[in-house]
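Student: I would like to go through a model and learn how to read its features one at a time. Where do we start?

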Amino acid sequence: MSRRVPDVTYKKIDRTAMDALLHGLLKSLEYVGEQRQVILDRMGSMMLQYLVETGTVPSPDSPREFARSLRRLLIKNGYGPRIPLQSKTVQGNHTPPNLVEILTPMDRQLVGGAFPKSSVSRGKEKVDWVLYEMVLYGMTKALDDQLGVQGQLILDRIGTGMLDYLLELGAIERSDDPKILVQSVIDYFVKAGYAKSFRYELEGAPPDTFVSRYESARYYTTVFRRIRKEGSALLSCPLCLVGHSIWATQGWKFGDVFEVRIKSDGQVLIKSKVYPSTERFTEKDALRFSQMKV
Amino acid sequence: MERSHGPLSVRELIDKQASSIENPVVLLSVNPVVYQEGVMSAIKYFSERFGMGLYITLNKPYAVLQGAFEKGGLAPGNLVYLDSITNTPERRTESCNYLGRMRELTDLCIALVKMMSEEKEVKFVFVDSVSTLLIYNDSKSVARFCHSVTEKLRSMSLPAALVFVEMEEGKDVVAQMAQFCDAYVKAGELK
């Protein structure tokens with residue numbers, strides 16, 4: 001009989017988790033050069049769409065109310081100084097300011113590879129979960145619309161950027177042992193308010209399935225459910241993305257999520273395929289293919 | 001071998017490099033921002049030049065692609081699809097062979113050969129996109145797979161386009177593929 005646990009709907013998450021996500025996102029797009037802004041604009045508009053569709057802010061059809069509500073939400077979460085003084089949305093006939101830029105304040109960005117002290121001191125601050133969801137939804141949806149499944153390559157790179165950020169910040173302790181490092185990541189995310197708990201195990205001999213179990217994981221009940229319903233196969237769970245980047249150092253690649261169970265009491269079970277580092281199309285396979293008759 | 005994009009469109013770029021080759025195998029490397037437009041231009045070029053095509057979709061479901069192509073002015077009967085991304089049990093419809101979420105390259109080879117045997121009117125093959133394979137496979141396997149596929153197509157005198165979305169991942173794959181393709185078209189910003 002499974003243990004019933006009370007569902008905890010987290011309302012806030014550590015600001016460092018949000019900062020790490022934005023850092024990873026911006027870092028992952030560095031290579032696209034001038035095109036980066038096009039992708040960020042797409043993400044920004046998807047983020048706004050999420051806020052509107054979840055009823056967090058009113059529709060832009062009422063531009064003044066929309067701008068006022070958005071401004072209030074951002075100020076409440078400590079992003080006030082980054083909102084452009086002349087918010088163009090107020091006039092109603094211009095594009096709104098890009099949310100990714102607003103949420104990535106300069107004083108929390110990496111300066112020459114190191115973090116300013118203010119970043120560390122703000123480690124205890126929290127932001128509304130809905131903002132975190134908004135970023136996760138916006139980036140996933142924009143990547144899926146633009147790139148389809150191969151958007152997962154960029155998402156996985158975001159995970160690497162997040163890991164670098166959290167290690168540099170000291171929020172996660174460095175370790176050469178991937179299992180210890182993964183556990184530090186889990187501890188960080190649980191403490192930050194990402195989920196009440198997380199456990200994982202490998203199934204199969206040799207292992208071919210990664211099983212994740214969460215309690216009260218808001219990402220899955222909101223963003224994941226929504227993007228799946230919209231036909232996307234991308235996985236943007238931040239804890240998973242950081243985990244993938246660690247396992248990748250051991251040669252593991254993560255495949256599709258092929259089983260999902262999200263229970264009403266907030267328990268989540270996810271099964272994904274995992275692939276080892278070995279070559280998966282050998283010379284023998286190539287030879288066999290060349291001999292197939294059409 | 002790489003050509004700079006300059007003021008030319010993807011279609012013009014392909015034409016410039018591939019028009020004199022009878023059955024060209026083209027590697028189309030596109031920036032993520034222009035991926036969709038690049039695919040649209042390339043598929044139109046191949047359809048108009050060669051006729052009926054086999055579209056191997058590894059990245060976007062058949063239903064999504066078909067809608068986009070129709071909107072883009074591509075005649076619906078011009079393509080048959082091999083879809084390994086739609087989350088559905090294996091099945092065959094008139095214009096699409098659904099493979100489910102197939103992730104084994106060897107299985108994909110078998111499906112390709114089977115489809116080629118059945119669809120004799122196919123005059124070119126379009127693979128969208130090779131970079132998707134890097135999510136689940138090492139780059140050496142992906143490069144070897146692409147080489148095998150192009151060799152098979154050459155043996156059948158079939159032209160092909162292999163789409164690759166430029167990312168940090170797989171730069172080595174592009175370098176290897178450029179060696180066994182007839183033309184390497186690199187598309188940045190579209191005209």
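Student: Which residue follows H9(A), and what is the sign of its phi?

Tutor: This is a predicted model, so keep that in mind throughout. H9(A) is followed by A:Gly193, and the phi of A:Gly193 is positive, near 100°.

Student: What span does helix H9 of chain A reach, and what is expected?

Tutor: A helix span is judged against a rise of 1.5 Å a residue. Helix H9 covers residues 178-192 of chain A, 15 residues in total, and its first and last C-alpha atoms are 21 Å apart, close to the expected 21 Å.

Student: Which residues of H9(A) are buried?

Tutor: Burial is read from a neighbour count: 20 or more other C-beta atoms within 10 Å makes a residue buried, 12 or fewer makes it exposed. In H9(A) the buried set is A:Leu181, A:Val185, A:Ile186, A:Tyr188, A:Phe189 and A:Ala192. These residues lie on the same side of H9(A), because the arc they cover around the axis is only 160°.

Student: Which residues are exposed on the other side of H9(A)?

Tutor: A:Lys179, A:Ile180 and A:Lys191 are exposed there.

Student: What do the buried residues of H9(A) pack against?

Tutor: Their partners in chain A are two strands and three helices, namely E1 (12-14), E3 (197-203), H1 (15-28), H8 (151-169) and H11 (238-248).

Student: Two of those partners interest me. At what angle do H8(A) and H11(A) pack?

Tutor: The angle is about 85°, and the axes are 7 Å apart. Angles of 65 to 115 degrees count as roughly perpendicular, and H8(A) and H11(A) are therefore roughly perpendicular to each other.

Student: Which residues meet where H8(A) and H11(A) pack?

Tutor: From H8(A) come A:Leu155, A:Asp156, A:Ile158, A:Gly159, A:Thr160, A:Met162 and A:Leu163. From H11(A) come A:Pro238, A:Leu241, A:Val242, A:His244, A:Ser245 and A:Ile246. By class, this contact has eight nonpolar residues, four polar and one charged.

Student: How many helices and strands are there in chain A as a whole?

Tutor: Chain A has twelve helices and six strands. Of its 294 residues, 40% count as buried. Among contacts in chain A with a separation of 6 or more, 66% join residues 24 or more positions apart.

Student: How many residues does each chain give to the contact between chain A and chain B?

Tutor: Chain A gives 28 residues and chain B gives 36. On the side of chain A that touches chain B, H12(A) gives the most, with four residues. That side divides into 13 nonpolar, eight polar and seven charged residues.

Terms used. Residues numbered from 1 in each chain as written. Chains lettered and ligands numbered in written order. Predicted model: local features only at pLDDT ≥ 70, side-chain atom pairs only at ≥ 80, totals over all residues. Expected span 1.5 Å × (residues − 1). Arc of directions from axis to C-beta. Contact = placed C-beta atoms within 7 Å. Nonpolar A, V, L, I, M, F, W, Y, C, P; charged D, E, K, R; others polar. Axes fitted to C-alpha atoms, helices over the stretch in contact; angles between N-to-C directions. Parallel < 35°, antiparallel > 145°, perpendicular 65-115°, else oblique.
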